[in-house]
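These are my notebook entries on one protein chain. I record what I looked up, entry by entry.

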Amino acid sequence: MNPLIAIAAQIFPEILKVVAGDQGGSIAQQVVQAVQDITGAKTADEARQKVAADPKVAADLQVKLAEIALNSQIVVAQQQLQEDAIAASSTSDARKNLAILAALDKPLSWTPSIISYIVIAGFFLIVFLLMFGVLKPAASTTDTGQVTVIQIVNICIGAIATAFATVIQFWLGSSLGSKNKDDALIQAQKVAQAGTLVSTPATSQGDGTSDGGDDGSTSKPTKPGPDGGPSEKGTGTSAGQGGPNKSTSLPTPAIDRFPDCVALTLAWEGGNDDDPRDRGGRTSRGITQDDWDEWRQSHAGLPSDVWSAPQDQIVAIYRQKYWNAMSCGQLPAGLDYCVFDYGVNSGIGRAAKVLQQFVGTTVDGEIGPLTIAAAAQADAALLVNKICDQRLAFLKGVGSWATFGVGWTRRVEGVRKQAAAMIGKPAVSGAPLPSLPAADPLWLVKARTFKGFAWPSGGPPQQIETWLNLIRANSQNNQDLAQYCNRLATGGYFPWCGVFVAAMLAEAGLPPVFAGPNDTDRFAWAPAWDSYGTKVDIENGELPQPGDIMRFNWHGGGEHVTFYDHPVDSDDMYHCCGGNQGGGHVVSIEGMPMNCIVAVRRPVMEIA
């Protein structure tokens, strides 16, 4: 064996089966040429050193070898299809000739029928004689003549069985075995016809291995969505034994796009959540308490509550159980995020199978080298659109679509837009990771501690006066603001949502909005907050972050200002933490209709 083939087998072991099955030796030549071209080496030792020293070379070589294997599979399938087409054509011609003879009332038209009757009768006669012991297998004998007779009888029985199968195929069509072969060829045709997605071949880099899928494995959803559908907090992983498409150990990527992709998914997943409508229960950043308990079994010293989970551990779970499990690091930019977010949301087995369906490889739920190679050759933008379309179609089939469809659609369309923007644009290695909710802003953290406080009517209670004093103390050089606070503290009841927002910002050392001499320019008036801080452009797809200020206009009249707390993408609400909320005029966290939003503003630590 050429030593360069041995090097290729270390990178992509499946290539040995392809080389061994190639009688002409052309595949072996392609493999040798691929190793030489990609490594630029002239000797096996030099090539081995290049592969070991440069992860990008190893990744490029692995993808190239997978492409060779895939192309070989296509060629074999096409050859088999041609052979079967010839055989089918021969049978079809024989049937047509028989039909013509029968139409002309020629005696020769009876010949196939007579032969068929003789073969069928002979076959069942032999079966009858064998069943009732008329023909008994001979005992061991040393008589040469007797042995010869037995051999002749066996040959005749085999011949009549073959003739019987030919008759059945002539009159009735393919046998079950042929049907199975046809099914396999249909799958091969899908691979060969993946040209509808194919563009200029690209190199895919990354890391990760496949931990299996739904087929032949144990799938354990950790947070099912409504009616068995997906949860916006994700589902679990599955670990199986693997199949022919199972990936081998892959090299470390030259550019790691995981930080960019997990940042986007974490933005969708949000922060801490214990919504009773979500069957996943207590959750933080998309990881359920059950997920976290399982992770802690192999990672000692971590806090028991998932809400207190360190951010680096949350990110590690996403890398190991989703990103690596689906070999996302080996997929092209944009497509990697599309598949990753689908796996987090609806399960890695489903996401992997959908990708395999569209690239034409075996649909086994395990993204391995053949799927990676096919994806590398495909049009990534077209794939992203097809996957997102299928994802929405699946969600529409879930029983609770009428209730949760708005949130699901928003997420899928957001992923489609974000993935499209990533296609063709290399990620920046070492991109910063989001710090939520471990670093939720101080004003939001403080606001949550006042949950339950109520002021429905009457004069300002002590807590309101305390908040006004805090606002005044945080802006000591503003006499107009101090007088404004005094007037609010000594008057009667007023809508106090703006005061709550201003007081919580004062906890973080931020001033309130106080833009002019009119009450409509000052913090107690909700619309005054429309120009505070910086704009969050939700109209163009920008996502709110916990602690952003949200201002609403109610359809029945009235305004409200509050803090965005966390997403629950299973409904069409912004879940907000604020004061003067609900029928009891309390500090609470509750949903606000998205169609009532007027402005989203982000406080900044330095305000001009």
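Entry 1: the surface. I began with a definition: accessible area comes from the Shrake-Rupley method with a 1.4 Å probe. I noted that the model is predicted. On that basis I read that the protein chain exposes about 28500 Å². Carbon and sulfur atoms supply 57% of that exposed area.

Entry 2: the chain as a whole. I looked up the overall make-up and found 20 helices and 11 strands in the protein chain. The chain has 608 residues, and buried residues make up 47% of them. I then turned to contacts with a separation of 6 or more, and found that residues 24 or more positions apart account for 70% of these.

Entry 3: helices H1 and H3. I recalled that two packed helices are described by the angle between their axes and the distance between the axes. Helix H1 covers residues 3-11 and helix H3 covers residues 26-39; they pack at an angle of about 80°, with their axes 9 Å apart. An angle from 65 to 115 degrees counts as roughly perpendicular, so H1 is roughly perpendicular to H3. I listed the residues that make the contact: Leu4, Ile5 and Ala8 on the H1 side, and Ala28, Val31, Val32, Val35 and Gln36 on the H3 side.

Entry 4: helices H11 and H12. Next I examined H11 and H12, whose axes come within 10 Å and cross at roughly 95°. That angle makes H11 roughly perpendicular to H12. From H11, the residues Tyr318, Tyr322 and Trp323 meet Asp336, Phe340, Gly343 and Val344 of H12.

Entry 5: the loop between them. I went on to the loop between helix H11 (311-323) and helix H12 (335-346), where serine 327 has its place. Its phi is near 50°, a positive value in a residue other than glycine. Is serine 327 buried or exposed? I found a relative accessibility of 0%, so serine 327 counts as buried.

Entry 6: cysteines. I then asked how many disulfides there are. The count comes to 0. Why does cysteine 328 have no bond to cysteine 261? The closest cysteine sulfur to that of cysteine 328 is in cysteine 261, 7.7 Å away, which is too far for a bond. The cut-off I applied is that the two sulfur atoms must be within 2.5 Å. Cysteine 328 is buried, at a relative accessible area of 0%. I noted that cysteine 485 is also buried, with a relative accessible area of 0%.

Entry 7: proline 259. I located proline 259 in helix H9, which covers residues 258-269. Its relative accessible area is 10%, and it is buried. I also looked up its distance to arginine 319: the two are 60 residues apart in sequence, and their C-alpha atoms are 9.2 Å apart in space.

Entry 8: the sheet of 3 strands. I reminded myself that strands of a sheet pair through backbone hydrogen bonds, either parallel or antiparallel. One open sheet has 3 strands in the order E3-E4-E5, with antiparallel pairing. Its edge strands are E3 (272-273) and E5 (287-288), each of which pairs on one side only. Strand E4, residues 283-284, pairs with E5 over 2 bridges in the antiparallel sense. I found serine 284 opposite isoleucine 287 in E5.

Entry 9: the sheet of 6 strands. Another open sheet is formed by 6 strands in the order E6-E11-E7-E8-E9-E10, and the pairing is antiparallel. Which strands stand at its edges? They are strand E6 (534-535) and strand E10 (586-593); each has a single partner strand, so one side of each is left without a neighbour in the sheet. E6 is joined by 2 bridges to strand E11, residues 597-602, and the two run antiparallel. The bridge partner of threonine 534 is arginine 602 in E11. I then saw that helix H20 (residues 497-507) packs on the sheet, touching E7 (549-553), E8 (559-566), E9 and E10. The direction of H20 makes about 45° with that of E8.

Entry 10: asparagine 580. My last look-up was in strand E9, residues 573-581, where asparagine 580 lies. The phi of asparagine 580 is near 60°, a positive value in a residue other than glycine. Asparagine 580 counts as buried because its relative accessibility is 15%, and the limit for buried is under 20%.

Definitions and conventions. Residues numbered from 1 in each chain as written. Predicted model: local features only at pLDDT ≥ 70, side-chain atom pairs only at ≥ 80, totals over all residues. Heavy atoms only, no water. Helix = DSSP H or I, 4+ residues; strand = E, 2+ residues; numbered from the N terminus. Buried < 20%, exposed > 50% of the residue type's maximum accessible area, 1.4 Å probe, protein only. Contact = heavy atoms within 4.5 Å. Pairing = 2+ DSSP bridges. Axes fitted to C-alpha atoms, helices over the stretch in contact; angles between N-to-C directions. Parallel < 35°, antiparallel > 145°, perpendicular 65-115°, else oblique.
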